Amino acid sequence: MSHVDVVGLTKTYDDRAVVDDLSLTLPDGSLTVLVGPSGCGKSTTLRIVAGLESADGGTVSIGGRDVTAESPRTRDVAMVFQNYALYPHLSVAANIAFPLRNNGVAKDEAARRAREAADRVGITALLDRKPRQLSGGQQQRVAIARALVRTPKVFLFDEPLSNLDAKLRVELRSEIRRLQQESGITALYVTHDQEEAMTIADQLVVLDAGAIAQVGTPEELYRRPANTFVAAFIGSPSMNLLQGALRGGTFEGDGVRFGAPGADAAAVTLGVRPEDLLVTPSEHGEGTIEIVELLGPRYVFIVTAGAHRLTAVVEAAAVASWGKTPAPGDVVTVDVRADRVHLFDTASGRRRA
Amino acid sequence: MKVRLVLLGGVAVALLPIAYLLSLALRPAGEVLNSSLLPDTVSLENFVKVFDTIELGTMLTNSWVSAVGAAVLAVVIATPAAYFTARHVRGDRLLTILLASYCAPPIVAIIPLFFLLRYAGLTNSLAGLVLVNGLAGVPVAAWLLDGFVRRIPVEIDEAAVIDGLSVASTLRKVILPLLWPGVVAALLVTFFLSYNDFLFAVYLAVTKESQTLTVGLSLFQGDRNVQFGQQAAAGLLGLAPVYVLALAAQRYLVGGLTTGATK
């Protein structure tokens with residue numbers, strides 16, 4: 001068990017900074033998720049922590065020991081790859097025991113611990129098979145068992161679920177969470193899927209162009225995004241972002257007016273979560289429903305209002321009181337929950353107080 | 001159907017010289033010059049007599065020993081080389097340089113090679129042939145193996161290093177077991193290249209004890225007349241085992257050559 005400190009990390013490819021002066025602490029025993037769009041530097045950061053890539057600047061310390069110049073062999077980290085990276089010529093049992101055997105653990109002891117690890121991820125029945133005889137989900141379980149087996153200082157997960165189908169992803173992500181919590185080993189997890197990130201993270205790090213856009217708990221990032229990038233990235237469907245001006249507690253922009261508490265400003269961006277956008281049928285409304293999607297317990301509406309296309313999420317129970325089934329073309333009034341809106345400075349994108 | 005006929009025609013044309021070789025080898029000495037396509041009388045005497053006329057047994061042994069030795073040497077050097085060229089950022093460039101050296105006409109190397117071997121006391125020896133043919137086969141073997149290494153996902157190497165292996169043991173314990181088809185293909189190709197080599201052998205190993213089959217056949221002359229029938233028999237005896245080997249290993253050969261080609 002060890003905390004991990006990344007200080008001033010920089011990595012440049014062809015004059016482009018992929019990781020730009022990034023500093024981050026992974027608290028002991030926590031699971032930190034790096035999330036961001038492709039090319040934001042999240043995988044590179046993880047690979048530098050693993051030692052698979054070298055940093056152009058900055059340091060990586062594991063448990064207070066500077067490992068920046070060390071090879072992955074001596075860092076005592078375990079990694080789970082997107083494409084599983086099992087050894088195809090070895091049985092499942094030999095795959096899991098592999099790191100132990102390389103570190104001088106006797107054969108019988110390694111086999112016993114491999115069985116134990118297999119048991120924890122539920123693949124005991126597959127120990128004698130070869131990787132090619134397994135499904136993708138089973139292969140990834142083997143890879144997780146291989147990481148678990150030797151109790152490393154740090155777990156590294158590089159988009160471990162991206163190659164699996166949606167149902168399996170949901171199943172396996174809560175299992176990874178459970179195993180990480182049981183073992184109490186510090187973990188760094190990279191994904192481009194913000195929902196996956198939200199559900200498993202103790203600490204969530206949003207990266208934008210190689211720099212940290214915001215760090216916090218998933219709830220902090222959802223409730224108080226520090227800038228428009230995080231606001232748009234976290235949450236599904238995405239937050240509505242409208243540009244306009246704020247005067248006397250009213251936001252006005254491109255044909256819409258909403259109440260929004262805040263100091264007057266000429267150029268603000270109003271952020272409204274889809275669930276905080278209020279849509280009600282009304283003959284004299286300013287909005288028109290364009291698209292209707294029913295997702296079981298709630299509806300997603302795409303509504304045009306003024307020059308904006310806004311996304312609203314409405315509970316199906318609330319829609320039931322409309323007295324009609326919503327359809328494209330319905331005229332509606334659009335309003336916001338004024339106490340739940342977010343205000344950003346349009347020029348900098350930063351949150352206003 | 002038409003395609004099949006055309007293909008069969010092509011195969012027939014390609015096999016005709018070998019069929020004629022067989023036809024020559026099977027006729028008695030008197031019939032050799034009558035220019036008929038098929039022998040009038042079939043006889044196996046050429047296959048027996050050729051062993052008296054020349055040291056065919058020695059030549060065949062020399063060819064096999066030097067070709068197997070050269071193939072092993074080439075692959076032993078080329079495997080780690082290909083691991084480097086396939087995995088290192090600038091490995092491509094090294095592979096190109098290696099291959100470029102292979103494109104030069106081999107005859108330009110003959111004189112320096114001759115002096116080097118003489119200095120080392122390796123002229124007219126199988127060890128010398130193994131060394132020269134083995135090193136000459138390295139670029140081709142490395143090029144073939146490079147393609148095979150590239151087909152192995154690099155994450156497997158990375159997983160091995162994280163699991164505590166050095167680069168050398170990663171190659172030995174993880175990459176090599178996955179590379180066997182490539183190693184077999186490279187062994188076969190470099191074996192054939194050395195087995196068929198004439199140029200190096202004719203300059204560097206000319207004594208009766210060190211002659212290979214290709215050199216032996218070229219020097220095939222009696223005092224008065226050339227023994228075409230026996231020469232054909234010797235040719236077939238040299239050819240047959242290699243044909244069998246190539247057929248048996250077809251899977252590896254085709255896989256090997258196309259892997260290199262589509263890389």
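Here are a few short exercises on this predicted model, each with a worked solution.

Residues are numbered from 1 along each chain as its sequence is written, while chains are lettered from A and ligands numbered from 1 in the order in which they are written. Local features need pLDDT of at least 70, side-chain atom pairs count only at pLDDT 80 or more, totals for chains, interfaces and linings use all residues, and side-chain values use heavy atoms, with hydrogens and water left out.

**Exercise 1.** Work out which helices and strands chain B has.

Solution. Start with the rule: helices are DSSP runs of H or I with at least four residues, and strands are runs of E with at least two, numbered from the N terminus. Next, count: chain B has 13 helices and zero strands. Finally, read along the sequence to get α-α-α-α-α-α-α-α-α-α-α-α-α.

**Exercise 2.** Find how much of chain B is buried, and how its contacts are spread.

Solution. Buried means under 20% relative accessible area, exposed over 50%, and partly exposed in between (1.4 Å probe, protein chains only). With that in hand, 42% of the 263 residues in chain B count as buried. Now the contacts, meaning heavy atoms within 4.5 Å: among those in chain B between residues at least 6 apart in sequence, 73% join residues at least 24 apart. As for extent, the C-alpha atoms of chain B fill a box of roughly 75 × 60 × 30 Å along the principal axes.

**Exercise 3.** Place A:Arg101 in chain A and say how exposed it is.

Solution. First, look at helix α3 of chain A (residues 92-102): A:Arg101 lies there. Then check its cover: A:Arg101 has a relative accessible area of 41%, so it's partly exposed.
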